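Subject: Structure handover and notes

Dear colleague,

I am handing over the structure that we talked about, and below it you will find my notes on what came out of it. Please read them with the structure open beside you.

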Amino acid sequence: MSIVLPLDEEQRDALQELLNISMGQAANSLAQLIETKIDISIPKISAVTPTQLYSLLFETEDAFYTRQSFLGDVHGEVMSVLSQAGLSEVATLMDYDEPLSKEDIQEIILELCNILAGACLAGLSDQLELATNLNMPTLFLPDKANFDELQWQHSLVMEVQFIIAISSFSMRVVFCLDDESLARMKDTLDELLA
Amino acid sequence: MFEQLVGKLPVGIGIVDENFKVVYLNDFFLDRLPYNMRDCYKETPVVELFQGQGKFLKRRLKSVFVLQHPSFSYWEQRPHIFPFKSSRPITGEETQMYQNMEILPIKDKNTGQKLACIFLQDVTAQASYFRAQQKLSEALKKEHEAQKKLIRKLDTAQSQLIQAEKMASTGQLAAGIAHEINNPIGFVNANLNTLEQYASHLIAICDGVQGQLEYFTDELKEQIDALFESNHYDLLKDDITELIGESTDGLTRVKDIVENLKNFSLETTEGVQIVDICAVCRQLITLISAQYSAPQYKFECEHEKVEVMGNPGPLKQALMNVMINAAQAIKDKGFIKLTVLNSPKSVTIKILDSGCGIPTKHLKRVFEPFFTTKPEGQGQGLGLSVAYTAIEQHHGKISISSKEAKGTVVEITIPKQPAAQAPSSEGDEENKENEAESLKFG
């Protein structure tokens, strides 16, 4: 990506490592709850424009989208992309009865996001010693036109993918931070590195 | 003080332990418990106290205890977790309370015991508003669809009207032309007949002279021979009959066209009478099968007789033209099926053929006068326009649908009692209105 990351090399490595740990914790949480093995990808950290964010996230086919904001020492949003494939297997693991109604599916999606995003955020803020509170997740139907009109220029995104081994289900979680929070996180990272 | 505050908060606050047993409930929950249970709710499993969505509640509580992470639930997906009545049992539109729920993991400060705090929000007002909005938007959507349909209908009606207009103006033009051409054709025809006679007389004279040639003197014989020679008598004699024959043929064709044009403008003299459609159809099948033997002809009608009030001439002409088209569409093998459907107010005649069909780009134009795909000289492109005008004159409807290489269906519907065709201007006005009606709703 041509845009220079607002983080330097050291900060980036540190953040990636922290993310790796917290993502692992998140996967662990979910695995405990649904009693199955979960794989995670190596976290990706990049800076994107609104349009890039849109294509990064919402040009996935056959997917559900959610968003969830968090407040506290850092502010931002978590967006998740869930595959439609394999969702019914996950639903069975989560103790839902077949057949799934539309409401059931929505509930499962929201709960999955809440668990994963919540666990990631909790892990990350624990390690950075930042206090955060996650608000409730909502379903999201993004519109490209709206994205092109967003006010911000660049945003730091942290992306990780969860794959449930026994089904074809996969899910991507993307964290975005606002500028102020980014500055705070950089400071915190520097303190950690010092 | 805080105890009071928490108790009176307008949201439900309940605390349960790891076995899902109730530790604390605020007034929001207590107010909604059965009266006899208000003193003995502690230590009761929460799913026994509030029956209904027990399985769901347990699952969520388990998730909170295991993950130590909040859990959310919304009225859209799960409206009634706790079996509470709406807070307005008398005036409200909803009978059950719509709820948003949030479960937070907490810890007892003194003992360190893991607990879960349930927040319950009454969102009945929002939910009912939202649902009303949704109903409204659905209604709007339906209305929008209906409007779209109407617009499409109007579009078709408009194009039909344009077509009708075109036909009417061409019809008038055709009538005028037919009339104008008829006179010159009359005298040209008469003259041509006379000319033919004169020519045969002249040839007879010349042949007579030639026969008598040997009785003439040599000098005269030579002169006459030279005269024949210089005027190319042999060629002239052969050609003159041929030329006149061709001209007569051509004239007959012109007369045919004019006749058709007159049919097109429908200057009919017979007037309205009872017409038996079944009889007409059988008649036509006999007539056409004599000329076109390739197709198989079938006739289907539940009744022996189906009668309408109409002009027999134009009606027959219309059906005939459609039938001929059908017959010509079949080259080697196929069938033509005529179906007459009788309904209380109208008769529908379906002419179905398994012929070559009409390309979509031509389908729009088939009723246009002079539109034809036949080679020049073989068709005038008036058949279907004549049929169109005839059917329209009867306030009926003719429609055509076709698939290339599959076949064509022409459907003709004629009302049994045509609107009064009074010659007064008032009557005409009425007719026009009726016509417009039948175009729109036909």
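Helix 4 of chain B lies across strand 1, strand 3, strand 4 and strand 5 (114-122) of chain B, and its direction makes an angle of about 35° with strand 4 of chain B. Helices (H or I, at least four residues) and strands (E, at least two) are DSSP runs, numbered from the N terminus, while axes are lines fitted to C-alpha atoms, for helices over the stretch in contact, with angles from 0 to 180 degrees between N-to-C directions. Before going further, please note that this is a predicted model, in which local features need pLDDT of at least 70 and side-chain atom pairs count only at pLDDT 80 or more, whereas totals for chains, interfaces and linings use all residues. Residues are numbered from 1 along each chain as its sequence is written, and chains are lettered from A and ligands numbered from 1 in the order in which they are written.

The sheet beneath these notes on helix 4 is an open one of five strands in chain B, with the order 2-1-5-4-3 and antiparallel pairing; two strands pair if DSSP finds at least two bridges between them. Strand 2 and strand 3 of chain B are the edge strands, and because each has a single partner strand, one side of each has no neighbour in the sheet. On average, neighbouring strands of this sheet are turned by 20° against each other, direction ignored. At one edge, strand 3 of chain B pairs with strand 4 (residues 99-107) of chain B through three bridges in the antiparallel sense, and B:S71 stands opposite B:I103 of strand 4. Strand 1 and strand 2 of chain B are also antiparallel and joined by three bridges, with B:G14 opposite B:L25 of strand 2.

The hairpin of strand 1 and strand 2 of chain B has four residues between the strands, and there B:F20 takes a positive phi near 65°. Most residues other than glycine have a negative phi. Is B:F20 buried, partly exposed or exposed? B:F20 counts as partly exposed because it has 18 C-beta neighbours inside 10 Å, where a residue is buried with 20 or more other C-beta atoms within 10 Å of its own, exposed with 12 or fewer, and partly exposed in between, the C-beta atoms being placed from the backbone. B:A405 likewise has a positive phi, near 70°, and is found in the loop between strand 11 (397-403) and strand 12 (407-415) of chain B; B:A405 counts as exposed, because it has 8 C-beta neighbours inside 10 Å.

Turning to the two chains, 11 residues of chain B are in contact with 16 residues of chain A, a contact being a pair of residues whose C-beta atoms, placed from the backbone, lie within 7 Å. On the chain B side, helix 4 (54-67) and strand 3 (71-73) each supply at least two residues, and the largest share, four residues, comes from helix 4 of chain B.

Finally, the axes of helix 9 (residues 312-329) and helix 11 (residues 383-393) of chain B come within 8 Å and cross at roughly 145°. For chain B as a whole, the secondary structure comes to 12 helices and 12 strands, and 24% of its 442 residues count as buried.

With best wishes
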